[in-house]
Amino acid sequence: MTCKNRFGISFIILSYCMMLFATLDSRAQQISEDSIRHKMQWFADAKLGVFIHWGIYAVNGVDESWSFHNKKISYADYMKQLKGFTAKHYDPEQWADLIKASGAKYAVITTKHHDGVALWKSGPLNVVNNTPAKRDLLAPFYTALRKRDIKCGAYFSLIDWSYKDYPGFLKDSTRYSVSAQPLRWKKFQEYNKGQIQEISTKYKPDLWWFDGDWEHSAAEWQSPAIRNIILSGNPNAIINGRLQGYGDYETPEQNFPVEKPAFPWWELCMTTNASWGYQATDTLWKTPYEVISIFADVIGHGGNLLLDIAPKEDGTIPVEQVQILKELGEWNAKHQEAIFGTRAGLPAGHYYGPSTLSKDSSTLYLFMLGNPEKPILIKGLKNKIQRIRVLGTSYDASFKVVGKISWSPVPGLVYVDIPSVSKDRYLTVLALELDGKVSLYRGKGGLQ
Ligand code: GLC
C-alpha cells in the first residue's frame with residue numbers, strides 16, 4: 001500500500017467518524033425532561049394508541065412508499081395506484097368506534113407518507129385532486145375521534161420522495177445534493193414547513209408523529225423551526241422522537257426493547273401482521289394473546305403501544321385487525337385498573353413477568369404471562385400484602401410467605417395461588433393491595 005493510499009484510507013475513516021459523530025450529536029436529545037413533563041402526562045397515562053397507515057399503496061397491496069424506492073415496482077406503476085384509491089366505504093365514525101372499543105386513548109394517521117401523497121388537499125399530490133376519493137380524509141376522522149375523547153395524532157413524513165425539490169428518490173439515485181444546491185433545498189424546506197403549518201392550523205393535532213428524519217440532520221430539516229411552528233399553534237402538542245433530537249419521546253419500532261429505554265416517555269410502534277400498509281398476501285397475523293402479552297410487557301416498562309391497522313383502499317379495515325382490536329379491547333376493559341394511568345412496575349428479578357404500579361405505588365399489578373398452573377413467585381417484597389384480587393372477577397387469590405426468618409430484615413418469598421376458575425383466557429392479572437407504597441429488598445440475602 002502506498003503512502004498516498006494509506007492517507008486516503010485514514011482520511012476516509014476520519015471523515016466517516018466525523019460524520020457519525022455529527023449524526024449522533026444532532027440526534028442527541030435536545031429537549032429536557034422537566035420542560036415537557038406537564039404536557040406528557042396524558043401520554044404517560046394513555047398506554048395505547050392506534051396507528052393507521054392508509055394510502056394509495058393499499059390499492060395493489062405493496063410496501064408503503066418503499067416499494068418504488070427499493071425498485072420492487074416502478075415509480076410510474078406505483079403512482080398508477082392513485083386511480084384506484086376510492087375510499088368509497090370509508091366510515092370515520094366506525095373507525096373511531098373501533099378505536100374506542102380497543103381501549104386506545106389516541107390514534108395516529110398517516111397524513112403523508114414518504115411517497116408524498118397527502119390525505120388532505122395540499123401540494124402537487126393529494127387524494128382530493130389526484131384520486132377518485134376526491135375529498136379530505138383527515139377532517140372527518142379527527143372530528144369523529146374528538147367526539148369520543150380520543151386524542152388526534154398526525155403522522156407526517158419529512159421525506160417526500162415525489163417532490164421535485166426533495167433530493168432523495170430511489171435507493172440508488174438522488175436528484176441533487178443539498179450542499180451543491182442549497183437554494184433548491186431551501187425550496188423544499190419551505191414546502192415542508194408549509195405543509196406542517198397547514199396541518200397545525202387545520203387539524204390542531206394533539207400529537208405529531210414524524211418519520212424519515214434519518215435522511216437529513218437537524219440543521220437541514222430545521223428541526224427547531226418545525227418544533228416552533230407546532231408549539232406556537234398548540235403549546236401542548238406532543239412530538240415524537242423522529243425529529244433529530246427535537247422530539248419528546250422515543251419510538252422503538254417493531255422490536256421490543258429488552259431494557260427500559262432511558263428517556264421517561266417512549267412508545268413501541270408495531271404492526272398487527274408484518275406490514276404497515278394493507279397487503280392482502282400478508283397473513284403473518286399476531287394472535288390476540290401475542291398482542292396482549294407484548295402490550296403488558298410495554299406498559300410494565302413504562303411505555304405505550306402504538307398498534308398499527310391498515311385499511312384497504314376503499315376504507316374498510318381487514319377483519320383480522322378488527323378482531324385483534326376487539327379482543328384487546330375486551331381484555332383492556334376487564335383489566336383497565338392495571339393498565340391506564342399506571343406506572344412501570346417492578347425492576348427485573350422480583351417477578352418473572354410484566355408488572356405495573358398504581359400511581360400511588362400501593363397496588364402492584366402482576367400480569368401472569370402464560371397463565372401458569374403452579375403458584376407464582378415474588379421475591380424481595382418488603383410490604384405486607386393485605387389482599388390479592390384477581391382482576392375482572394370476584395375471586396381473591398391466596399398466598400403464602402415462605403423462608404421468612406423472624407430476626408432477619410430479608411423478606412420471605414411470596415407464593416400466590418390463583419383459583420383456576422378465575423383465569424382469563426388470555427392473560428390473568430392480579431392486584432396486590434399493599435400496606436403502603438411498594439418497598440423492595442435489593443440486598444444479597446442472608447443477614448443483610
Ligand atoms: C418506518 C418506515 C415506514 C413506517 C414507519 C412506522 O420508519 O419508513 O414505512 O411508516 O416506520 O413506524
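## Helix pairs and a ligand pocket

Let's start with two helices that pack together: α7, covering residues 92-102, and α9, covering residues 138-147, sit with their axes 8 Å apart and at an angle of about 40 degrees. That angle makes α7 oblique to α9. As for the sense of the crossing, α7 passes α9 in a right-handed way. Keep in mind as you look around that this is a predicted model.

Now move further along the chain to a second pair. Helix α10 takes in residues 182-203, and helix α12 takes in residues 223-233. Their axes come within 10 Å and cross at roughly 15 degrees. Angles under 35 degrees count as roughly parallel, so α10 is roughly parallel to α12. Here, too, the crossing is a right-handed one, with α10 passing α12.

A third pair is worth finding in the view. Helix α13 runs through residues 288-300 and helix α14 through residues 319-334. The two axes cross at roughly 50 degrees and come within 9 Å, and α13 and α14 are therefore oblique to each other. If you follow α13 as it passes α14, you'll be looking at a right-handed crossing.

With the helices in place, let's turn to the ligand. Which residues come closest to the ligand? They are His53, Glu64, His113, His114 and Glu253, part of a group of 14 residues that surround the ligand. What sort of company is that? Sorted by class, the shell holds seven nonpolar residues, three polar ones and four charged ones.

Two of those closest residues are good places to zoom in, His113 and His114. In the side chain of histidine 113, an N or O atom is 2.9 Å from an oxygen atom of the ligand. Histidine 114 has a polar side-chain atom that lies 2.8 Å from an oxygen atom of the ligand. Arginine 242 joins in as well: an N or O atom of its side chain is 3.3 Å from a ligand oxygen atom.

How much of the ligand does the protein bury? On its own, the ligand would expose 310 Å², and the protein buries 95% of that. So much for the tour; to retrace it, go back to the α7 and α9 pair with its 40 degrees or so, then on to α10 with α12 and α13 with α14, and finish at the ligand with its 14 surrounding residues.

Key. Residues numbered from 1 in each chain as written. Predicted model: local features only at pLDDT ≥ 70, side-chain atom pairs only at ≥ 80, totals over all residues. Heavy atoms only, no water. Near = heavy atom within 4 Å. Polar contact = N/O pair within 3.5 Å; in protein donor to acceptor, adjacent residues only side chain to side chain. Areas by Shrake-Rupley, 256 points an atom, 1.4 Å probe, with all protein chains shown as cover. Nonpolar A, V, L, I, M, F, W, Y, C, P; charged D, E, K, R; others polar. Axes fitted to C-alpha atoms, helices over the stretch in contact; angles between N-to-C directions. Helix = DSSP H or I, 4+ residues; strand = E, 2+ residues; numbered from the N terminus. Parallel < 35°, antiparallel > 145°, perpendicular 65-115°, else oblique. Left-handed = near helix turned anticlockwise from the far one by under 90°.
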